[in-house]
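User: I'm new to this structure and would like a close look at one residue and its surroundings. Could you walk me through it, step by step?

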Amino acid sequence: MAPKKIQVIPNGDALKTKWSRAIRYGDLIFTTAHSAARPDGTMPTTPEEQIRGCFESLKNTLEGGGSGMDMVLHCDCFLAHREDFALMNQIFDEYFLGAEVPTTRSVMEVTFTAPKFLFEIQAVAGVKD
């Protein structure tokens, strides 16, 4: 029998949307792109605050689904400005460097639908159960 699709609700999620933030399918979690939007809908304005906010948002979602940053298999990173690549690498390493098996990733420079967005991240992760 095929696994059941289960919507993942991020830990402490006050940001309600009509779309899933993540779906658990069997032993995997597939997330949507996470931004650094705060619960009140505001957005940090600096690249560092946005990048860190995105990683924390992703972490909360994964933990809500029985996973964690140590279970990320692959992530896609979306940067608005190439000059933020080194900063993104530094923060990425804080979350993933030192893992027994390094996380794979793709990094793309993109044009977001709103100029306030500087970074987003989405991931596929295993489940700890």
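Analyst: Let's begin with Arg 105, which counts as partly exposed because its relative accessibility is 29%, a value that falls between the 20% limit for buried and the 50% limit for exposed. Please keep in mind that this is a predicted model. Arg 105 belongs to strand 5, which covers residues 104-109.

Who surrounds Arg 105? Beyond its neighbours within four places in sequence, Arg 105 is in contact with His 74, Cys 75, Phe 85, Met 88, Asn 89 and Phe 92. Two of these contacts can be described in more detail. With Asn 89, Arg 105 shares a polar contact, side chain to side chain, at 2.5 Å. As for Phe 92, Arg 105 sits over the face of its ring, 4.5 Å from the ring centre. Gly 41, on the other hand, is 64 residues from Arg 105 in sequence and 28 Å from it in space, C-alpha to C-alpha.

Now let's step back to the sheet. Its six strands form an open sheet in the order 1-2-3-6-4-5, and the pairing is mixed. Strand 5 and strand 1 (5-8) are at the edges with a single partner strand each, so each has one side without a neighbour in the sheet. From one strand to the next, the twist averages 20°. Elsewhere in the sheet, strand 3 (residues 28-31) pairs with strand 6 (residues 119-126) in the antiparallel sense, over three bridges. There, Phe 30 has Val 124 of strand 6 as its bridge partner.

Two helices come in here. Helix 1 (residues 47-64) packs on the sheet and makes an angle of about 25° with the direction of strand 6. Helix 2 (residues 85-96) lies across strand 4, strand 5 and strand 6, and runs at about 160° to strand 4.

Finally, back to the ring beneath Arg 105. Phe 92 is part of a cluster linked by ring pairs, together with Phe 55, Tyr 95, Phe 96 and Phe 119. The whole structure has six aromatic pairs. One of them is the stacked pair of Phe 55 and Tyr 95, with 4.9 Å between centres and 15° between planes. Since Phe 55 is in helix 1 and Tyr 95 in helix 2, this pair ties together parts 40 residues apart in sequence. Phe 55 is buried, at 0% relative accessible area, while Tyr 95 is partly exposed, at 21%. The rings of Phe 55 and Phe 119 are also stacked, with centres 5.9 Å apart and planes at 15°.

Conventions: Residues are numbered from 1 along each chain as its sequence is written. This is a predicted model: local features need pLDDT of at least 70, side-chain atom pairs count only at pLDDT 80 or more; totals for chains, interfaces and linings use all residues. Side-chain values use heavy atoms; hydrogens and water are left out. Helices (H or I, at least four residues) and strands (E, at least two) are DSSP runs, numbered from the N terminus. Buried means under 20% relative accessible area, exposed over 50%, partly exposed in between (1.4 Å probe, protein chains only). Contact means heavy atoms within 4.5 Å. A polar contact is a pair of N or O atoms within 3.5 Å; within protein, one must be able to donate a hydrogen and the other to accept it, and residues adjacent in sequence count only if both atoms are side-chain atoms. Two strands pair if DSSP finds at least two bridges between them. Axes are lines fitted to C-alpha atoms, for helices over the stretch in contact, and angles run from 0 to 180 degrees between N-to-C directions. Rings of Phe, Tyr and Trp (its six-membered ring) pair if their centres lie within 6.5 Å; planes under 30 degrees apart count as stacked, over 60 as edge-to-face and the rest as tilted. A charge sits over a ring if NZ of Lys or CZ of Arg is within 6 Å of the ring centre and within 35 degrees of the ring normal.
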